[in-house]
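These are my notebook entries on a structure that I had not examined before. I set down what I looked up, topic by topic.

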Amino acid sequence: MLDSIANLLILVVTLLILGFILAREVIKRWRIGLRITAADESLLTDNSVSVKMITDAPEGSVIVSHVPAIEINE
């Protein structure tokens, strides 16, 4: 009887910890998505976020490696 209560307690604690970690990660990603949508410039200096590449291009543009970009002045 005591073993089953201990096992149940261990199971509940483990599930609570996993649920907490999962919920924290989901909320973090959701908040970062909101900040990206809002074009929050403080993301560039936020230590909890790493920026791999910053691009400024029209919607639907793609990045192709080894192709030089040439500025067109009109």
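**Charges, fold and contacts**

I began with the charges: the chain carries 6 positive and 9 negative ones, and their mean positions lie 12 Å apart. I note here that the model I consulted is a predicted one.

*Entry on overall form.* I looked up the secondary structure next and found one helix and zero strands in the chain. The radius of gyration is 23 Å, whereas the globule rule gives 11 Å for 74 residues, so the chain is more spread out than a compact globule. I then read the extent of the C-alpha trace along its principal axes, which is about 80 × 25 × 20 Å.

*Entry on surface.* How much of the chain is buried? I found that buried residues account for 3% of its 74 residues. The accessible surface amounts to about 7500 Å². Carbon and sulfur atoms hold 64% of that surface.

*Entry on the helix.* I checked whether the length of α1 fits its residue count. At 1.5 Å a residue, its 36 residues should span 52 Å, and the C-alpha atoms at its ends are indeed 52 Å apart, so the two values agree. Helix α1 comprises residues 2-37. I also looked up its cover: α1 is hardly covered, with a count of zero buried residues among its 36.

*Entry on the residue A39.* I turned to the segment after α1, where A39 is found. What is the sign of phi at A39? Its phi is positive, at about 55°, although A39 is not a glycine. I recorded for context that most residues other than glycine have a negative phi. A39 counts as exposed because its relative accessibility is 58%, and the cut-off for that class is over 50%.

*Entry on salt bridges.* How many salt bridges does the structure hold? I found three. As a reminder to myself, side chains of opposite charge can pair when their charged atoms come close.

I took the pair of R29 and E25 before the others. Their closest N and O atoms are 3.3 Å apart, and the two residues form a salt bridge. Why are R29 and E25 about one helical turn apart? Both belong to helix α1 and stand four residues apart, which means a separation of about one helical turn. R29 is exposed, with a relative accessible area of 59%, whereas E25 is partly exposed at 31%.

I then examined R35, which has a salt bridge with D40, the closest N and O atoms being 3.0 Å apart. D40 counts as partly exposed, at 30% relative accessibility. R35 is also partly exposed, at 22%.

Which other side chain does R35 meet in a salt bridge? The partner is D46, at 2.9 Å from N to O. This pair links distant parts of the chain, since R35 lies in helix α1 and D46 in the segment after α1, 11 residues apart. Through salt bridges that share partners, R35, D40 and D46 are joined into one network.

*Closing entry.* I end with two points to keep in view: the chain has one helix, and a network of salt bridges joins R35 to D40 and D46.

How values were computed. Residues numbered from 1 in each chain as written. Predicted model: local features only at pLDDT ≥ 70, side-chain atom pairs only at ≥ 80, totals over all residues. Heavy atoms only, no water. Rg over C-alpha atoms; globule rule 2.2 N^0.38 Å. Buried < 20%, exposed > 50% of the residue type's maximum accessible area, 1.4 Å probe, protein only. Areas by Shrake-Rupley, 256 points an atom, 1.4 Å probe, with all protein chains shown as cover. Lys, Arg positive; Asp, Glu negative; His and termini not counted. Charge placed at Lys NZ, Arg CZ, Asp CG, Glu CD. Salt bridge = Lys/Arg side-chain N within 4 Å of Asp/Glu carboxyl O. Expected span 1.5 Å × (residues − 1).
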